[in-house]
Structures are given as structure tokens and as C-alpha cells.
Amino acid sequence: RSPDNTQHYLHRAHRKAFLPAIETCQDNTAWSIMLQTIKEWLWWERLWLPERVSWADLEDKDDRIYAKASQLYDAVPCALCLLVVRYLFERYLAMPLANALGIRDKVRLTAEENSILEKYFCSQARNPSRADVCSLSKKTGWPERRVEVWFRRRRNQDRPGLQKRFCEASWRCVFYLCAFLGGLLALYDKPWFYDLREVWTEFPKQSMLPSQYWYYMLEMGFYLSLLLSLTFDVKRKDFQEQVIHHVATLILLSFSWISNYIRIGTLVMAVHDSSDIVLE
């Protein structure tokens, strides 16, 4: 080949080699722009902050320390620690207390062993229709009444005992009591505890206090632990409502933390904790 042709082929080879790299760089640039746009939209100042206030105004300065969104991750280890504390509490305190108070699980008759009914119970339905009862009666050779009794006893076997429910309720009651007392301890010497107008003094440029930080993290960790343990707790009729409640609570607490509604947030938590004690 002539020198001109050689240079032409080398140019084409280099171009082919660099094309994937150029396309990758373009993809990365587009991805970065998209992430930046989402970030700007998510942290839109008019959505989170009052007028004439920016995120730069809430940066730590001198003796002022402000709440940060990244601190919300601290609720995760707090939730895991509360799960461990709950296990120890229910095992070594709540269960002995239940026995001391004479709280016992009801004696329930166990269902007879039957592979056909057990397979239907686990894979299809816990409460069969009349037609299914008739069909199962023919398959097992049992009377329909006996099949109905078997399903009733089998359902009762899976129902949680009174002791388990007592342990769960006592754990929540003790936490709400401790949280309420801790909230009072953190708030009793604050001016906004007695004068609600102080809640909005210099808002949102209000410095975060260590007591407020721990109060928020414990509350968020507790509701996160309840969300994580829903699959292991007693499944009640309002299971879906409980999930919605815990998620909504975490969203509200997160929003108030990021927007620096901390003073009013601590007052609201104290009011809710006081009523939850009585409910449990």
C-alpha cells in the first residue's frame, strides 16, 4: 500500500477504536445531566423552604448547627438496635410478666393429620367454600361436618396466642412511655414548650440541639423497626393500614427534619406518644 492509503487505514482503525469510548462518554454525560436535573427538582428550594431562604442559609456556621438530610440514615442502625432490645425485652421481661399476671394461651385442639386437606389449606384457601368442602369430603372419605371442623381447628392453630400479643403491646407501651418521658425531659426547659410563638422565631434558621437529634432518631428508628417486623408480628385485620401509617409517619418525620420543622415536630411527637401509651 502507498503511504497515503496506509495513513487512511490507520485513521479508520483509530476512529473505530475510539467510537465506543466516545459513545460511552456521551451516555455518561447524559446520565449525569439527568441525575442532576432530578436532584435539582427533588431539592427545589420553593418546595422545602420559605421564600427568600436557600439551602446555603442552612449551612453550619459558627455556633449554629442545622439538620441535614444525610442524618436520616442514622435511623437505620437505630431501628436494628431497637429490634434487638425488643427481643430481649419480650423474652426476659414481658414473658415472665405475662406468666406472673396469669396470662395464658388458650388450649386449642389440634387438627388431625390429613395430607389432602393440609395441601389444600396451604396452597389454595384457609376457608373453603361449600362446594370445595363437598369436593374435599369425597376425596378424603370424611363427612362434610368433619372437614369443616378440621379447617376451623387448623385455622386456630395458626392464630397467635394471647401471650405473644401481650408481649408486643407491652413493648410498644413501654417505648411510648419512655419516649414521652424523654420528650418531656428534652422540652421542659425550652421556651417554645410554653409559648408556641417561639416555635416560629427566626424560622427556619433555628439551630439543631443534640436532644432534638436523639429524639427524632429514636422515633424514626422505632417506626422503621415496626415496619421491618410487621411480617413477624401478629397479623391483624388492619395490616395494610398499619403499613400505610408507618410509611406516612416516616415521610412526615423526614420532611419535618429536612425542612427544619424540628421544634413543632418534637411537640407533635410528644402529644402522640402520650396518647399511644393509653391505646396500648
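**Group meeting: a walk through the model**

Let's start with Asp-57, which is partly exposed at a relative accessible area of 22%. (Buried is under 20% relative accessible area, exposed is over 50%, and partly exposed is in between, using a 1.4 Å probe and protein chains only.) Quick housekeeping: this is a predicted model, where local features need pLDDT of at least 70 and side-chain atom pairs count only at pLDDT 80 or more, while totals for chains, interfaces and linings use all residues. Numbering runs from 1 along each chain as its sequence is written, and side-chain values use heavy atoms, with hydrogens and water left out.

Back to Asp-57. You'll find Asp-57 in the loop between helix H2, 45–48, and H3. (Helices are DSSP runs of H or I with at least four residues, strands are runs of E with at least two, and both are numbered from the N terminus.) Which residues does Asp-57 touch, leaving out those up to four places away in sequence? They are Arg-52, Tyr-66 and Lys-205, with contact meaning heavy atoms within 4.5 Å. Lys-205 is 148 residues away from Asp-57 along the chain, yet their C-alpha atoms are separated by 7.5 Å.

Two of the neighbours I just mentioned lead on to backbone oddities. Arg-52 isn't a glycine, but it has a positive phi of about 65°. Arg-52 is in the loop between H2 and H3, and its relative accessibility of 75% is why we call it exposed. Then, just before Lys-205, have a look at the Phe-203 to Pro-204 peptide bond: that one is cis, with omega near 5°. Pro-204 is in the loop between helix H7, 162–187, and H8.

There's another positive phi, also about 65°, at Asn-260, again not a glycine. Is Asn-260 buried or exposed? Buried, because its relative accessibility is 4%. Asn-260 lies in the loop between H9 and H10, and it helps line the largest cavity, along with Gln-206, Ser-207, Met-208, Gln-212, Ile-262 and Arg-263. (On a 1 Å grid over the protein atoms alone, a cavity is a set of points where a 1.4 Å probe fits but cannot get out; a pocket is an open set with protein on both sides within 12 Å along at least five of seven lines; lining residues have an atom within 4 Å of a point.) The count is 1 cavity of 30 Å³ or more, and the largest has a volume of about 30 Å³. (Grid points are joined across faces, edges and corners, and the volume is the space filled by probe spheres set on the points.) That cavity lining splits into 2 nonpolar, 4 polar and 1 charged. (Ala, Val, Leu, Ile, Met, Phe, Trp, Tyr, Cys and Pro count as nonpolar; Asp, Glu, Lys and Arg as charged; the others, Gly among them, as polar.)

On to the pockets. The largest pocket comes out at about 370 Å³. It has 16 lining residues, and those nearest its centre are Leu-252, Leu-253, Val-268, Met-269 and His-272. Where does the lining come from? H8 (210–228), H9 (239–258) and H10 (262–279) each give at least two residues, with H10 supplying the largest share, 7 residues. By type, this pocket lining has 8 nonpolar, 5 polar and 3 charged residues.

Now the cysteines. How many disulfides are there? The structure has 0, taking a disulfide as a pair of cysteine sulfur atoms within 2.5 Å. For Cys-78, the closest cysteine sulfur is in Cys-81 at 6.6 Å, which is too far for a bond. Cys-167 is in no disulfide either, its nearest cysteine sulfur being that of Cys-173, 13 Å away. Cys-167 is buried at 3% relative accessible area, and Cys-78 is buried at 14%.

Cys-167 also turns up next to Glu-90, whose contacts beyond four places in sequence are Met-95, Cys-167, Glu-168 and Trp-171. Glu-90 sits in helix H3, residues 75–100, and counts as buried because its relative accessibility is 18%.

Last, the annotations. An unreviewed UniProt entry places "transmembrane region" at 169–188, 213–231 and 243–262, and lists "domain: Homeobox" at 100–161. (UniProt positions follow the numbering used here, feature names are shortened, and annotations may be inferred rather than shown by experiment.) In the model, 169–188 is 95% helix and 0% strand, with end C-alpha atoms 28 Å apart. For 243–262, we get 85% helix, 0% strand and 24 Å between the end C-alpha atoms. The 100–161 span has 58% helix and 0% strand, and its end C-alpha atoms are 16 Å apart.
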